[in-house]
Amino acid sequence: ARNHTKEFIQFLGIAFGSSLELETQAIISKKEYPNVSYIKIENLLVEIQKMLKGLIKSVEARSQ
């Protein structure tokens with residue numbers, strides 16, 4: 001529900017940054033709780049980050 005393309009791209013960048021913060025939290029958790037499996041969250045994070053990067057590139061390309 002963003003009004004302008006530039007604003008939407010900024011919002012996507014913030015979402016990508018948040019995914020990186022979550023990735024950092026998962027890394028810290030792995031060190032604190034080594035017996036827990038983190039494969040699913042790692043795979044989901046990679047998938048989400050790829051989708052966000054792809055969407056950012058696509059929106060940027062269409063706005064030029």
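Contact here means heavy atoms within 4.5 Å. By that rule, and leaving aside neighbours within four places in sequence, S19 is in contact with L45 and Q49. The model is a predicted one.

## Around S19

S19 is found in helix 1. Its two partners sit elsewhere: L45 lies in helix 2, and Q49 has its place in helix 2 as well.

Is S19 buried or exposed? S19 has a relative accessible area of 7%, so it is buried. The cut-off for buried is under 20%. L45 also counts as buried, at 7% relative accessibility. Q49 counts as buried too, at 12%.

Each partner has further contacts. Beyond the residues up to four places away in sequence, Q49 touches F16, S19, L20 and E23. L45 is in contact with S19, L22 and E23, again leaving aside neighbours within four places. E23 therefore appears in the contact lists of both L45 and Q49 under the 4.5 Å rule.

L45 also gives a distance along the chain. L45 and Q64 are 19 residues apart in sequence, and their C-alpha atoms are separated by 29 Å.

## The nonpolar core

Which residues make up the largest nonpolar core? There are six: I9, L12, F16, L52, I56 and V59. Helix 1 (5-32) and helix 2 (39-63) each supply at least two residues of this core. In soluble globular proteins, nonpolar side chains tend to be buried together.

F16 is one of the core residues. F16 is found in helix 1. F16 is buried, with a relative accessible area of 16%. Not counting residues up to four places away in sequence, F16 touches Q49, L52 and K53. How far apart are the C-alpha atoms of F16 and Q49? They are separated by 6.4 Å, although the two residues are 33 apart along the chain.

L52 belongs to the core as well. Outside its neighbours within four places in sequence, L52 is in contact with L12, A15 and F16. Two of these partners, L12 and F16, are core members themselves.

## T5 and S63

T5 has its place in helix 1, and S63 is found in helix 2. T5 touches V59 and S63, not counting residues up to four places away in sequence. S63 is in contact with T5 and I9, with neighbours within four places left aside. V59 and I9 both belong to the core.

Neither residue of this pair counts as buried: T5 is partly exposed at 39% relative accessibility, and S63 is partly exposed at 44%.

What does the side chain of S63 reach? It reaches the backbone oxygen of E60 at 2.9 Å. E60 also serves as a reference point for T5. T5 and E60 are 55 residues apart in sequence and 8.1 Å apart in space, C-alpha to C-alpha. S63 and G13 are 50 residues apart in sequence and 16 Å apart in space, by C-alpha atoms.

## The salt bridge

How many salt bridges does the structure hold? It holds one. The side chains of E42 and K30 meet in it, at 2.7 Å from N to O. E42 lies in helix 2 and K30 in helix 1, so the pair ties together parts that are 12 residues apart in sequence. Side chains of opposite charge can pair when their charged atoms come close.

Both ends are partly exposed: E42 at 29% relative accessibility, and K30 with a relative accessible area of 37%.

## A surface patch

L44, I48 and M51 form a nonpolar patch on the surface. Together they have about 270 Å² of accessible area. M51 lies in helix 2.

## Accessibility at a glance

The residues discussed above are collected here.

| Residue | Relative accessible area | Class |
|---|---|---|
| S19 | 7% | buried |
| L45 | 7% | buried |
| Q49 | 12% | buried |
| F16 | 16% | buried |
| E42 | 29% | partly exposed |
| K30 | 37% | partly exposed |
| T5 | 39% | partly exposed |
| S63 | 44% | partly exposed |

Notes. Residues are numbered from 1 along each chain as its sequence is written. This is a predicted model: local features need pLDDT of at least 70, side-chain atom pairs count only at pLDDT 80 or more; totals for chains, interfaces and linings use all residues. Side-chain values use heavy atoms; hydrogens and water are left out. A nonpolar core is a set of buried Ala, Val, Leu, Ile, Met, Phe, Trp, Tyr and Cys residues joined through side-chain atoms within 4.5 Å. Buried means under 20% relative accessible area, exposed over 50%, partly exposed in between (1.4 Å probe, protein chains only). Helices (H or I, at least four residues) and strands (E, at least two) are DSSP runs, numbered from the N terminus. Patches are made of residues with over 30% relative accessible area and no salt bridge: like charges are joined within 9 Å, nonpolar side chains (Val, Leu, Ile, Met, Phe, Trp, Tyr) within 5 Å. Accessible areas come from the Shrake-Rupley method with a 1.4 Å probe; for residues, only the protein chains shown count as cover. A salt bridge is a side-chain nitrogen of Lys or Arg within 4 Å of a carboxyl oxygen of Asp or Glu. A polar contact is a pair of N or O atoms within 3.5 Å; within protein, one must be able to donate a hydrogen and the other to accept it, and residues adjacent in sequence count only if both atoms are side-chain atoms.
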